[in-house]
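Trainee: I should like to learn how to read a few local features of a protein model. May we work through one together?

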Amino acid sequence: RDVESGGDSLHATGFAFDVRRDYASGAQATAFQYMLDRLQSLNLIAWVRDPDVIHITASSEAGELVQ
């Protein structure tokens, strides 16, 4: 369970993961977050920025690309 939200954690499904916000430079952070925005605009992921990590959840539509 996700203690913060009181619900089941998406991490337990295998469709979500966290990336630590520890970048080599500001340019790297900008490039990474630009790519996240691009993937989100294609409805392949959803993401949220927290102080220490970025939470990323894969969309069900992303599975179509695997085939």
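Mentor: The discussion below concerns a loop residue, its polar partner and a nonpolar core. This is a predicted model, in which local features need pLDDT of at least 70, side-chain atom pairs count only at pLDDT 80 or more, and totals for chains, interfaces and linings use all residues. Residues are numbered from 1 along each chain as its sequence is written, and side-chain values use heavy atoms, with hydrogens and water left out.

Trainee: What is notable about the phi of N43?

Mentor: Most residues other than glycine have a negative phi. N43, although not a glycine, has a positive phi of about 60°. N43 sits in the loop between α1 (26-41) and β2 (45-49); helices (H or I, at least four residues) and strands (E, at least two) are DSSP runs, numbered from the N terminus.

Trainee: Is S59 buried or exposed?

Mentor: Buried means under 20% relative accessible area, exposed over 50%, and partly exposed in between (1.4 Å probe, protein chains only). S59 is buried because its relative accessible area is 17%, whereas N43, at 37%, counts as partly exposed.

Trainee: Which polar atom lies 2.9 Å from the side chain of S59?

Mentor: A polar atom of the S59 side chain lies 2.9 Å from the backbone oxygen of N43. S59 itself belongs to the loop between β3 (53-58) and α2 (63-66).

Trainee: Which residues make up the largest nonpolar core?

Mentor: Such a core is a set of buried Ala, Val, Leu, Ile, Met, Phe, Trp, Tyr and Cys residues joined through side-chain atoms within 4.5 Å. Here the five residues are L36, I45, W47, I54 and I56. β2 and β3 each give two or more residues to this core.

Methods: Polar contact = N/O pair within 3.5 Å; in protein donor to acceptor, adjacent residues only side chain to side chain.
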